Amino acid sequence: MSDDPTRVAVACQGGGSHTAFTAGVLRRVLADPDADYELTAFTGTSGGALCALVAWYGLRTGDAATARRALAGLWEDIETRGPVDSLVNFGVVSVARLLDGGFPVAQISPAYNAGARMARRRLRDAIEAQVDPAVLAELVDDESSPPPKLLVSAVDATDGTFEIFTDRPSEAGPADDADPTTAWLEERPKPLSIDAVLASASVPTVFEGVRMPDEPGGPVHEYWDGLFSQNPPIRNLLDGPDRAGAKPDEIWLVRINPTTRRGDLSTLAEIADRRNELAGSLSLAQELHFVDQVNDWVADGVLPRERYKPVTVRALELDETRLDGERTLRTASKLDRRAGFIEDLMALGERQADEFLADRDAHHLLGPA
């Protein structure tokens, strides 16, 4: 048996404020100096993209301790500050609850909403407090940079394409003489940036979309929340490196939206909550199906083993029943920035990650046992 560490990619699902849980998970995963796993990639969408970016940047510019501090710092900056900010937060969450309950509430497009612009500015400031844009650009352009890799998803709302933003993006698409059985797997990711991460978190009813050139010197397109594309990116991890040994052995999925929901679904609020959860998981189901299909193709000899290998997926799902106090997670609470709420979610993420690491086999989702 090989003594090499297990190569792991961590995939972080989106979910607004609920992804403070993901920050807690990543802090625990990064806390073990004698780990039998090696983090080779992070992927993320929306709030998961924020966590993935900060963890990745911390590792690339420092070490695991740097990344852990940065994750805590990010969410400290997002939390409410003082009575005025707390009052604004209460109003935003309350209006979201009324909308989910079907009450008629006047709405303003984020494009004409000064509050939405201020919130976007604050989110950017929180990210840039941990991630220097100039250093990020250098890391993205560094062709010799070591792992881990980072992939962030967003949707190009202008032409309806799903986009991946990453470090060290390949300029070339499939070669003209590429094997037709695998050429369609090739992607053309775009360079990672703070704007790309903000685009991944731009729910169009909350934040105005991010406008970026489709390519250098090209037309400007508008990008929206990665929820509409890949939540989070997973199938891209099976392509990328051209050698099987450079791909992850396992993908650890940090899941925010619950797979099942028990109880009554008769009120408009309950229906809105469940629709939001399902919408956040539809693309994930396709991503997981793709991994399962590739595993089958590898086992059947359809894909070459020198480039592809079976990949195990393990899932760590947020268990809201274990939050401190009596609190139920809803669509509206994805906008809730109360300090106590954020801290409870982070603490739960660390506790659940500790249990996950103690018995990873119990969290097996698909692929080789």
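This section describes selected helices, salt bridges, backbone features and a surface patch of a predicted model.

Helix 3 spans residues 64-78 and comprises 15 residues. The distance from its first C-alpha to its last is 22 Å, close to the 21 Å expected at 1.5 Å a residue. At the start of this helix, a side-chain oxygen of Asp63 comes to within 3.2 Å of the backbone nitrogen of Ala65. The buried residues of helix 3 are Ala67, Ala70, Leu71, Ala72, Gly73, Leu74, Trp75 and Ile78. These buried residues pack against four helices, namely helix 1 (20-29), helix 2 (47-61), helix 5 (114-128) and helix 9 (339-358).

Helix 4, covering residues 82-100, contains 19 residues. Its reach from first to last C-alpha is 27 Å, close to the 27 Å expected at 1.5 Å a residue. Within helix 4, the residues Asp85, Asn89, Val93, Ser94, Ala96 and Asp100 are buried, and the buried residues of this helix pack against helix 5 and helix 8. Gly102 follows helix 4 and has a positive phi, near 90 degrees.

Helix 4 also includes Val92, which contributes to a nonpolar surface patch. The patch has an area of about 320 Å² and is made by Val84, Val88, Val92 and Leu335. Val92 has a relative accessible area of 39% and is therefore classed as partly exposed. An α-helix has 3.6 residues a turn, so residues three or four places apart point the same way.

The structure holds 22 salt bridges. In one of these, the side chains of Asp354 and Arg28 meet with an N to O distance of 3.0 Å. Because Asp354 belongs to helix 9 and Arg28 to helix 1, this pair ties together parts that are 326 residues apart in sequence. The partners are assigned to separate accessibility classes: Asp354 is partly exposed at 39% relative accessibility, whereas Arg28 is buried, with a relative accessible area of 18%.

A salt bridge is also formed by the side chains of Arg211 and Glu222, at 3.3 Å from N to O. This pair links distant parts of the chain, with Arg211 in strand 6 (residues 210-213) and Glu222 in strand 7 (residues 220-224), 11 residues apart. Arg211 counts as partly exposed, at 49% relative accessibility.

Arg235 forms a salt bridge with Glu287, and the closest N and O atoms are 3.3 Å apart. Here too the pair links distant parts of the chain: Arg235 lies in the loop between strand 7 and strand 8 (250-255), while Glu287 lies in helix 8 (residues 268-299), 52 residues away. Arg235 is partly exposed, with a relative accessible area of 25%. Glu287, in contrast, has a relative accessible area of 4% and is buried. Elsewhere, salt bridges that share partners join Arg121, Arg124, Asp125, Glu128 and Asp195 into one network.

Thr312 is located in strand 9, which runs over residues 312-317. Its relative accessibility of 6% falls under the 20% limit, so Thr312 counts as buried. The side chain of Thr312 reaches the backbone oxygen of Pro368 at a distance of 2.7 Å. When neighbours within four places in sequence are left aside, Thr312 is in contact with Asp249, Glu250, Ile251, His364, Leu366, Gly367 and Pro368.

Backbone geometry was also examined at two cis peptide bonds and at a residue with positive phi. The peptide bond from Pro147 to Pro148 is cis, with omega near 5 degrees. Pro148 is situated in the loop between helix 6 (133-141) and strand 3 (149-156). The bond from Asn231 to Pro232 is likewise cis, with omega near 0 degrees, and Pro232 is found in the loop between strand 7 and strand 8. This loop also contains Arg235. Ser46 has a phi near 55 degrees, a positive value in a residue other than glycine. Ser46 occupies the loop between strand 2 (37-44) and helix 2, and is buried, with a relative accessible area of 8%.

Definitions and conventions: Residues numbered from 1 in each chain as written. Predicted model: local features only at pLDDT ≥ 70, side-chain atom pairs only at ≥ 80, totals over all residues. Heavy atoms only, no water. Patch = residues over 30% accessible without salt bridge, like charges linked within 9 Å, V, L, I, M, F, W, Y side chains within 5 Å. Areas by Shrake-Rupley, 256 points an atom, 1.4 Å probe, with all protein chains shown as cover. Salt bridge = Lys/Arg side-chain N within 4 Å of Asp/Glu carboxyl O. Helix = DSSP H or I, 4+ residues; strand = E, 2+ residues; numbered from the N terminus. Buried < 20%, exposed > 50% of the residue type's maximum accessible area, 1.4 Å probe, protein only. Expected span 1.5 Å × (residues − 1). Contact = heavy atoms within 4.5 Å. Polar contact = N/O pair within 3.5 Å; in protein donor to acceptor, adjacent residues only side chain to side chain.
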